[in-house]
Amino acid sequence: MSKIVVTGGAGFIGSHIAESLAKDGHEIVIVDNLDPYYSVDIKKKNTDIVLASGDATFINADVTDLDSMKEIIDSTVDYVYHEAAQAGVRISVEDPFKPNNINVVGTLNVLKSSLEADVKKVINASSSSVYGKVKYLPFDEQHPTEPVSPYGVSKLAAEHYCRVFYEVYGLPTTSLRYFTVYGPRMRPDLAISIFTKKMLANEPITVFGDGEQTRDFTYIDDVVEANKKLLNISKTHGKALNIGSGNRISVNDLIENLRLITGSISDIHYANKQKGDTENTLANVSLSKELIEYEPSIEIQIGLKKFVNCFNVGGE
Ligand SMILES: NC(=O)c1ccc[n+]([C@@H]2O[C@H](COP(=O)([O-])OP(=O)(O)OC[C@H]3O[C@@H](n4cnc5c(N)ncnc54)[C@H](O)[C@@H]3O)[C@@H](O)[C@H]2O)c1
């Protein structure tokens, strides 16, 4: 069994990765500064779930503090899952400095500390936002990267640092480009969370744009499985891989699916498209299938039902 640091382990994706690895018997160290970008209570609950799942500890620390990272990521650490970030496109449009500091400088600190500690691998959470302007769909990993938001720029810079730390210094790294992830404990600022909450209360919902924009939505369990597969695979060093469902639906169809599941009578209001939003996303997951035997298994209709059920019992 390994000692594994999960930065951002109090957040949505990080807490699921940490919980699953703890249940597998690994020693987990969650590193998170409980950033108040969304409810700190949600993050504390997530942390408690991980701590109850096995051999896990929590350290309140900031990835932008190099000294703290060096102290935590020491020679006893085998692997680092780097999930800590200022996520979210819209907030990055309002304030590009915060995502740059956390996502770029923070990643550099984690990489430098991991290199000095001689960790076996750093697995970095990247994003479909690195693609930005669509030249063709589905996005394969060769698709040009031209982000359309400061957030996308910061995730692309972090990815490049991961590649360069492998190519220049020999630190094994892999970046996973997640395509909109959803499921229990998902961030409350994401569309599926917002729609579900409002639809369960029969309150009106607002769609930015005409709702015909399409997204590849990926269920959290598939994302966790992809991350865990990387523990024992060396052929992905220095690479970035797409982690999506390989399917897409429009926001209007997403709402119709949620309407069927919830029975909601919510009205829909359409508002102007938001700055920084990508028009369409769809992952080509051939490379992940080939290199890590990634098999997305949860279709959107099933995933949404699981999510709404959990929401109904207060699991938001
Ligand atoms: N959720 C998605 O759809 C999605 C899609 C693509 C990429 N990602 C990436 O996946 C990762 C996890 O995203 P998430 O949705 O779980 O977000 P999240 O906000 O729920 O989790 C991120 C965690 O990082 C922590 N954090 C923020 N700043 C920090 C700092 N300076 N030091 C230490 N911890 C800090 C936060 O407190 C939070 O708990 C991020 O890197 C994000 O960019 C997410």
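**Notebook: a helix pair and a pocket**

I began with how two helices cross, and I noted that α7 and α9 do so in a right-handed sense. I keep in mind throughout that I am reading a predicted model.

I then looked up the geometry of this pair, since two packed helices are described by the angle between their axes and the distance between the axes. For α7, which covers residues 191-200, and α9, which covers residues 251-262, I found a packing angle of about 40 degrees and axes that lie 10 Å apart. Because of that angle, which is neither under 35 degrees nor within 65 to 115, α7 counts as oblique to α9.

Next I listed the residues that meet: α7 brings I192, F195, T196, M199 and L200, while α9 brings V251, L254, I255, L258, R259 and T262. Sorting this contact by class, I counted eight nonpolar residues, two polar ones and one charged one.

I turned after that to the second largest pocket, for which I recorded about 230 Å³ of space. Its lining is made up of 15 residues, and I noted E159, R177, G238, K239 and A240 as those nearest the centre of the pocket.

Which element gives the most to this lining? I found that α6 does, with five residues. Helix α6 (150-169) is joined by the strands β6 (173-178) and β11 (239-243), and each of these elements supplies at least two residues of the lining. By class, I entered four nonpolar, six polar and five charged residues for the lining of this pocket.

Definitions and conventions:
Residues are numbered from 1 along each chain as its sequence is written. This is a predicted model: local features need pLDDT of at least 70, side-chain atom pairs count only at pLDDT 80 or more; totals for chains, interfaces and linings use all residues. Side-chain values use heavy atoms; hydrogens and water are left out. Axes are lines fitted to C-alpha atoms, for helices over the stretch in contact, and angles run from 0 to 180 degrees between N-to-C directions. Helices (H or I, at least four residues) and strands (E, at least two) are DSSP runs, numbered from the N terminus. Angles under 35 degrees count as roughly parallel, over 145 as roughly antiparallel, 65 to 115 as roughly perpendicular and the rest as oblique. A crossing is left-handed if the near helix is turned anticlockwise from the far one by less than a right angle, and right-handed if clockwise. Contact means heavy atoms within 4.5 Å. Ala, Val, Leu, Ile, Met, Phe, Trp, Tyr, Cys and Pro count as nonpolar, Asp, Glu, Lys and Arg as charged, and the others, Gly among them, as polar. On a 1 Å grid over the protein atoms alone, a cavity is a set of points where a 1.4 Å probe fits but cannot get out, and a pocket is an open set with protein on both sides within 12 Å along at least five of seven lines; lining residues have an atom within 4 Å of a point. Grid points are joined across faces, edges and corners, and a volume is the space filled by probe spheres set on the points.
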